[in-house]
Amino acid sequence: MKLFDELKWRGLIDNVTSLELEEKLNNGGLTFYIGTDPTGDSLHIGHYSSLLCAKRLKEHGHHPLMLVGGATGFIGDPKATGERSMLTKEVLEHNYHCLSKQIEELFGFEMVNNLDWTKDITIIDFLRDIGKLFNVSYMMNKETVKRRLESGISYTEFSYMILQAHDFLHLYEEKGCTLQIGGQDQWGNITSGLELIRKKHGADVECYGLTMPLITKADGTKFGKSETGTVWLDKNKTSAYEMYQFLLNSEDEKVIDYLKKLTFLKKEEIDTLEECVKTAPHLREAQKALAKEVVTFLHGENEYNKAIKISEALFKGDVKTLSSEEASDALKGFEKREVADHITLTEALVSSGIASSKREAREWIKGNSIQVNGEKITDVDFVVSSEHALCHKDTLIKRGKRNYFVITQK
């Protein structure tokens, strides 16, 4: 399967600016760029598909430039819900260095920062040399701007597409970059860059744009949020175990789509897993394969094995076999409920809201339904103490087969 056909099969092409791009992609040799702004100190799982797409192009002989927008981060790409909060120079610098390190380590892309070629441009030069080439009517017809016209958009965010277009022009002139790729919400910015290059260098310039569909859940919402928040690529913000569990819980309707976009598994392997989803969905084979591929790529085999160990320990109720670090990772995803120290298990269940009454708590305990840190407790007067807690602070309560709660004693 040629590269363009593979990208289509994986669902990674939303739109292209020219049909000529198919042959160009299949032949290799393009310098292209993909960008992100340093609005956080880590990428999240929602970015992962786009970065993997860039890596696929790299493996087929194209040269990627990864732009982390030290300049555009000051402005903010217009979003549908309103103006972005302005980040300080210090925060943006910190985020830039964190993202650059993360991307270089994970993907090995050449890094560029648009602050390097933007910071010395005066407002007069910008308006005269760049702004003069943009038609306001053209800009207002871009989808990202049109969505905000009714609620209002600042001149700052309105100008974002000019800055991004200037990035494409600069990389074309300085790096021979002839392709920009991005999410489908970047179509207006990408085509603005192409227009600027053609106005500067002639209509016959061979430059291209490619957009990718945004990854969504079955209900159409963005992929990348768990019950405890954003799923980050940095394991210090989202542990390998949390990442594993998030992917393991992927919906049956979407897991094959995720396997195509988020892994390098071949078509034959994914077809086999798709059959498993249809015939034996309870085995979760597709979800397990997805979790293994992503966690191993991001964090390595050791972290993947650690995630499996934690999962099995929780399933068996054998959490005392975990190290302090593993136990901390295991409990991170649960809501923590604060209770007093040295109280009976009955009181702890009621005080934490796990049980609605002492009568209900006693029934659960006497009925062999309650485990404390992996041990089944049948004594209603058993004392729960921080001295015996996991990681010296948290106690894991398990009710029945699947209900987990964490209490922290003060």
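This text follows the aromatic rings of a predicted model and the charged side chains that lie over two of them.

The rings of Phe, Tyr and Trp count as a pair if their centres lie within 6.5 Å. By this rule the model has 9 aromatic pairs. One of them joins Phe 107 and Phe 109: the ring centres are 5.4 Å apart and the planes meet at 25 degrees. Planes under 30 degrees apart count as stacked, so Phe 107 and Phe 109 form a stacked pair. Are these two residues buried or exposed? Phe 107 is buried, with a relative accessibility of 3%, and Phe 109 is buried too, with a relative accessible area of 3%.

Another pair is made by Phe 223 and Phe 246. Their centres are 5.2 Å apart, and with 45 degrees between the planes the pair is tilted. Phe 223 belongs to the loop between strand S6 (208-212) and strand S7 (225-226), while Phe 246 belongs to helix H12 (residues 240-248). The pair therefore ties together parts that are 23 residues apart in sequence. Phe 223 has a relative accessible area of 7% and is buried. Phe 246, at 14%, is also buried, because the cut-off for buried is under 20%.

Phe 107 and Phe 109 also belong to one aromatic cluster, together with Tyr 48, Phe 264 and Phe 297. At Phe 264, the cluster meets a charged residue: Arg 56 lies over the face of this ring, 4.8 Å from the ring centre. A similar arrangement involves Trp 364, where Arg 399 lies over the face of the ring at 4.3 Å from its centre.

Note on methods: Residues are numbered from 1 along each chain as its sequence is written. This is a predicted model: local features need pLDDT of at least 70, side-chain atom pairs count only at pLDDT 80 or more; totals for chains, interfaces and linings use all residues. Side-chain values use heavy atoms; hydrogens and water are left out. Rings of Phe, Tyr and Trp (its six-membered ring) pair if their centres lie within 6.5 Å; planes under 30 degrees apart count as stacked, over 60 as edge-to-face and the rest as tilted. Buried means under 20% relative accessible area, exposed over 50%, partly exposed in between (1.4 Å probe, protein chains only). Helices (H or I, at least four residues) and strands (E, at least two) are DSSP runs, numbered from the N terminus. A charge sits over a ring if NZ of Lys or CZ of Arg is within 6 Å of the ring centre and within 35 degrees of the ring normal.
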